[in-house]
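Dear colleague,

I am passing on the structure below, followed by my notes on its empty spaces and on how some of its helices pack. Please read the notes with the structure open beside them.

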Amino acid sequence: MTQQTVWAELVELYEYRVADVRAGGRPRGGLRALGELRTRLQAAPLDPGLSRRLRAADRLYRAYRAGGDVPAEPTPPAGAPAPRAVGTPDEAAPADPAELRAWAELRGLRWERELRTGLEALGREWLAQRGQPGLRVLHAAAESAERAARGQSGGVAVPAAGDPLAALDRPTVARDLLHGVAALLGTPSGWARLRSALLALEAEPLPRHADADVLAAHLRAAEREPLAPAARGELVRALREAHPAGQGTHERPLLREAAAEVRRRLGALLEGAPSPGLIPGAALPRNSVLYAATPHAALTTPPPDGDCLTLHLGGGREAHWRGLALRWERVGSGWQLLLEGPGGREVALLHPGRPAAERVQTLALGPLLPEDAALRLSLSGAHLTLDWLTPPGPDLTGLAAQARIVAALLRPEEGYAGLRLARAVAGVLRGVPVDLDALGPHSAARYAAAPPGALLTLARKGAAALHARAARLSSAELDAVLEQARARLDLGEEAAPRLRGAVLVAREGLPRAAQPVAGGEATLPGNGTFTRLRLPRDPHLLLRAAGTELEVRPGLGTLTVQPPGDAEQELADLLVLNVPGAQVLLVRALEDLGGAVLAE
């Protein structure tokens, strides 16, 4: 029996006893017991319908105690709307102030989160630019806006391309910059200050050199000298060498254009965005909060397939939503939330007094449900919003199977024989002759020279095509096609069995992993078994794999993985790293990370 069912029965008992008293009877326990029941119900977290029934019964009881009958309802004037039925929400009732503030803050948290997502998408574009002019002008503008907020005069110049102190070519640094910009835009005058700084950079992105005016005067004088064109050109060249105009002046047009582009893109991102603060006169939407304190905003039951649910924790104790049983209770100044599903249970602690960033947490639901999903919890006071998150692509198990095929294709020590073989197999299945010129031994040099991201994209397309076509073949037919393609390319004996095994694993799927392992570091076994890891709140992990330590850090909407002494590589949802003596396979879906080591 749920808590609300208990309260409903007690309200019904109160109504019965009040009717008994008014009929001249004596309720069980006497008037004292009736008064105690009334006091208990007045302090209870009743839903709006039960509250209205309690008020109606209480009006009858107070009229009886006063020695009169029930006050007559005034006759409505002609044309007035008909009275509402008991239990319907009162549209004219003002919103609960605490609930309205909580709704506004939860809306603001969502606004900042969506703003960060939009900024990270822009950041990925600007990071891919040669020399990162967009990120450089944004860095200078953000620093200038912060100086203006502190009352300091003077702007900050755009850093040079490749400046090691700014390090804007690194995804982790760019991410920190964009998150700082998101926080700045969340302040009342943040966009105005940032826009002003960008306009100033459009006018002058680089400081003028101290001798710029002297050089300009000398050049004007040289133009007036009665010299031959060749001699005048030699004089101008000598003057420029004697008076350097400053480093990077040739970039001024590029940086001005970049500042204008950044200003336009940020303005478009903010255009039409909801205000993150409380709008005067704002009202709570109808049917928006489960156990709401505001009558018209009360939601009777959670939407069974909705992706968002807001709870008033003080108004109830449990709910059922999307296959999860939710129960919560007070623990000190906060709340404890228990989530139960077919696969187990999870506990989350909610602390209303902590900073906003710490009142948003994401729980992986993989251990609780038969599907990979996650739940984002956003807390404001006694109000909690739950956002249901699902992977945008394959789940962790599907990605792990796909990674097996990709790893078989990306083996540079074998001259990328797997990748060449997969492309030949695709041709054989389509009835197209194998192109020996395009897939011969010399093609390995072309693959080796390709950027890691482009090579991974090519391998994933080849793996997806091979998986789709091989799914229609029996094992014997697959063996025959692989042998035919291998013979045409005159490859060794190793590539075909490895590719065959990867395709069969992808066809059959991988067993679902057990409970994820949480923590800041983990060791991946070297037997090819995938290990499931739960990402911490700040996903900074140290992975030990095949004698190598890999640092995993947050990037621009992705994770970055950095082997020792090597460049960072992005992990969006799948990555294969070749390390000495092994391949490291990494896949990610929402809050879970999967890793495996394939020894050579």
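Let me begin with the pockets, bearing in mind throughout that this is a predicted model. Helix H4 supplies eight residues to the lining of the largest pocket, which is the largest share that comes from any element. The volume of this pocket is about 1800 Å³, and of the 44 residues that line it, Arg113, Thr362, Arg376, Arg588 and Glu591 are the closest to its centre. Two or more lining residues come from each of helix H4 (97-128), helix H6 (171-185), strand E8 (360-364) and strand E19 (582-589). Sorted by class, the lining of the largest pocket holds 21 nonpolar, nine polar and 14 charged residues.

The second largest pocket encloses about 790 Å³ of space. Its lining is made up of 31 residues, and those nearest the centre are Pro452, Gly453, Gln569, Leu575 and Leu577. Here the elements that contribute two or more residues are helix H14 (443-449), helix H15 (452-470), strand E17 (569-571) and strand E18 (574-579). The lining of the second largest pocket divides into 21 nonpolar, five polar and five charged residues.

Turning to enclosed space, a search of the whole structure gives three cavities of 30 Å³ or more, and I describe two of them here. The largest cavity has a volume of about 60 Å³, and the residues around it are Gly131, Gln132, Arg136, Ala160, Gly162, Asp163, Ala166, Ala167, Leu168 and Asp169. By class, this lining has four nonpolar, three polar and three charged residues.

The second largest cavity, with a volume of about 50 Å³, is lined by Ala364, Gly366, Asp372, Ala373, Arg532, Ala589, Leu590, Glu591 and Asp592. Its lining consists of four nonpolar residues, one polar residue and four charged residues. You may like to look at Glu591 in particular, since this residue belongs to the lining of the second largest cavity and is also one of the residues closest to the centre of the largest pocket.

The remaining notes concern helix packing, and they return to some of the elements named above. Helix H4, which lines the largest pocket, packs with helix H10 (residues 252-270), the two axes coming within 11 Å and crossing at roughly 150 degrees. Since an angle over 145 degrees counts as roughly antiparallel, that is how H4 stands to H10. The crossing of H4 with H10 is right-handed. On the H4 side the contact involves Trp111, Leu115, Gly118, Leu119, Leu122, Glu125 and Trp126, while H10 contributes Val262, Arg265, Leu266, Leu269 and Leu270. In this contact there are nine nonpolar residues, one polar residue and two charged residues.

Helix H6, another contributor to the lining of the largest pocket, packs against helix H7 (residues 190-203) at an angle of about 125 degrees, and their axes lie 7 Å apart. How are H6 and H7 oriented to each other? The angle makes H6 and H7 oblique to each other. Their contact is formed by Val181, Leu184 and Leu185 of H6 together with Gly190, Trp191, Arg193 and Leu194 of H7, and by class it has five nonpolar, one polar and one charged residues.

Finally, helix H15, which gives two or more residues to the lining of the second largest pocket, packs with helix H11 (residues 396-409) at an angle of about 110 degrees, with 9 Å between the axes. Because angles of 65 to 115 degrees count as roughly perpendicular, H11 and H15 are described in that way, and their crossing is right-handed. From H11 the contact takes in Leu399, Gln402, Ile405, Val406 and Leu409, and from H15 it takes in Leu456, Ala459, Arg460, Gly462, Ala463, Leu466 and His467. The residues of this contact comprise eight nonpolar, three polar and one charged.

With best wishes

Note on methods
Residues are numbered from 1 along each chain as its sequence is written. This is a predicted model: local features need pLDDT of at least 70, side-chain atom pairs count only at pLDDT 80 or more; totals for chains, interfaces and linings use all residues. Side-chain values use heavy atoms; hydrogens and water are left out. On a 1 Å grid over the protein atoms alone, a cavity is a set of points where a 1.4 Å probe fits but cannot get out, and a pocket is an open set with protein on both sides within 12 Å along at least five of seven lines; lining residues have an atom within 4 Å of a point. Grid points are joined across faces, edges and corners, and a volume is the space filled by probe spheres set on the points. Helices (H or I, at least four residues) and strands (E, at least two) are DSSP runs, numbered from the N terminus. Ala, Val, Leu, Ile, Met, Phe, Trp, Tyr, Cys and Pro count as nonpolar, Asp, Glu, Lys and Arg as charged, and the others, Gly among them, as polar. Axes are lines fitted to C-alpha atoms, for helices over the stretch in contact, and angles run from 0 to 180 degrees between N-to-C directions. Angles under 35 degrees count as roughly parallel, over 145 as roughly antiparallel, 65 to 115 as roughly perpendicular and the rest as oblique. A crossing is left-handed if the near helix is turned anticlockwise from the far one by less than a right angle, and right-handed if clockwise. Contact means heavy atoms within 4.5 Å.
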